[in-house]
Amino acid sequence: MSKLIHVAAAAIFNDSGELLLALRDKAQHQGGLWEFPGGKVEPGEEVRSALARELQEELGIEIDQSATVPLIQVPFHYPDKSVLLDVFRVNRFMGQPYGREGQPLNWVKLADLSGYPFPAANTPIVNALQLPTALAITPRLLSVQYCEYIDKALQKGAQAVMLRAKHLTETEQLNLYQQLAEAFPELLLIWNGSMDAANRAEVTALHLSSERLMQLNSRKTYRGRWLGASCHTEEQIRRAEQIGADYITLSPVQKTASHPEVTPMGWAEYSRLVRLSSLPVYALGGVSLADLEQTLQAGGQGIAAIRCFC
Ligand SMILES: Nc1nc2c([nH]c(=O)n2[C@H]2C[C@H](O)[C@@H](COP(=O)(O)OP(=O)(O)OP(=O)(O)O)O2)c(=O)[nH]1
Ligand SMILES: [Mg+2]
């Protein structure tokens, strides 16, 4: 396999929360498709210096390197080239961006990103941008208690909720899912269950256990929008990538009361697996919102937790 070409790219936001896209010239590799501005890291160059240089060269803007936050790293093999896209969030910049190389630019709302044709390597980047950084996983509750739980979790900073209610029958879980989806129409509500049942109930966001993940070869039959999976090993991460999952949770990062017998992987191993994965990776297991900054700096998607949102 050819050597990975290290590319620094930026998800640049303006004050209205829109994102800057540039159209790649037809003559370029992956030409005619939209991109996150950036370019190749030169030998010996720091990735953030490369990002600042490329944004100056391509857009005429200055950025404060220390104010950039890692978003995701995507290793990707095109038939003719292998790239490592190293993507950062840029929320502040100086100057008015313009296409210094004649490339058209567009400010785009996050919700409209899916309408833009991107190179294939960009799918995980778009997912990382559209997925939240704080995911609450429901504890074991009575059916009537879930609404109140979600209210409280949202107040505490959760931005999405995974309904994990294995103590209820599948029918009860899906009825509850529909009720909660109606009560919280704006919320990304994920059901932890099986693909067949999710398809039958028209669930739009599904999370697979690692066991279910390893039984799947493709997401092709899935009819929802979001597909996630629980991973604990490199092999499971590879399978999640192979089936085309949108995100994974990786656990246990730290010691957790729910699985006291399991040895946690620790932050160093979490960071290593995040670098190796091309997908958005939530840290799970003994983590809370207090660990969010560390998780993002490691290139993770964010944190997933039960306890800290109760
Ligand atoms: N900048 C950028 N490159 C991307 C994206 N997605 C994607 O697959 N790529 C690929 C296309 C290219 O093979 C490589 C980036 O190369 P580039 O052409 O931007 O590099 P550069 O700015 O240094 O340009 P050049 O001097 O080599 O012409 O990464 C993306 O979103 N942004
Ligand atoms: Mg470029």
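How far is an oxygen atom of ligand 1 from an N or O atom in the side chain of H29? In this predicted model, the separation between those two atoms is 2.5 Å. Let's start with the surroundings of ligand 1 and then turn to one of the sheets.

**Contacts of ligand 1**
- The ligand has 18 residues around it, and H29, F36, K40, Y78 and N122 come nearest.
- F36 takes part through its backbone, where an N or O atom lies 2.7 Å from a nitrogen atom of ligand 1.
- N122 uses its side chain instead, with an N or O atom 2.7 Å from a nitrogen atom of ligand 1.
- On its own, ligand 1 exposes 630 Å², and 81% of that is buried by the protein.

**The pocket and its shell**
- Ligand 1 occupies the second largest pocket.
- Three elements each give at least two residues to the shell around ligand 1: β4 (38-40), α1 (47-59) and β6 (81-90).
- By residue character, the shell around ligand 1 is made up of seven nonpolar, six charged and five polar residues.

**A three-stranded sheet**
- Here you will find an open sheet in which three strands follow the order β3-β2-β7, and the pairing is antiparallel.
- At its edges are β3 (34-35) and β7 (105-108), each of which pairs on one side only.
- Strand β2 (residues 19-23) runs antiparallel to β3, and two bridges join them.
- For L23, the bridge partner in β3 is W34.

How values were computed
Residues are numbered from 1 along each chain as its sequence is written. Chains are lettered from A and ligands numbered from 1 in the order in which they are written. This is a predicted model: local features need pLDDT of at least 70, side-chain atom pairs count only at pLDDT 80 or more; totals for chains, interfaces and linings use all residues. Side-chain values use heavy atoms; hydrogens and water are left out. A residue is near a molecule or strand if one of its heavy atoms lies within 4 Å of it. A polar contact is a pair of N or O atoms within 3.5 Å; within protein, one must be able to donate a hydrogen and the other to accept it, and residues adjacent in sequence count only if both atoms are side-chain atoms. Accessible areas come from the Shrake-Rupley method with a 1.4 Å probe; for residues, only the protein chains shown count as cover. On a 1 Å grid over the protein atoms alone, a cavity is a set of points where a 1.4 Å probe fits but cannot get out, and a pocket is an open set with protein on both sides within 12 Å along at least five of seven lines; lining residues have an atom within 4 Å of a point. A molecule sits in a cavity or pocket if more than half of its atoms lie within 2 Å of its grid points. Helices (H or I, at least four residues) and strands (E, at least two) are DSSP runs, numbered from the N terminus. Ala, Val, Leu, Ile, Met, Phe, Trp, Tyr, Cys and Pro count as nonpolar, Asp, Glu, Lys and Arg as charged, and the others, Gly among them, as polar. Two strands pair if DSSP finds at least two bridges between them.
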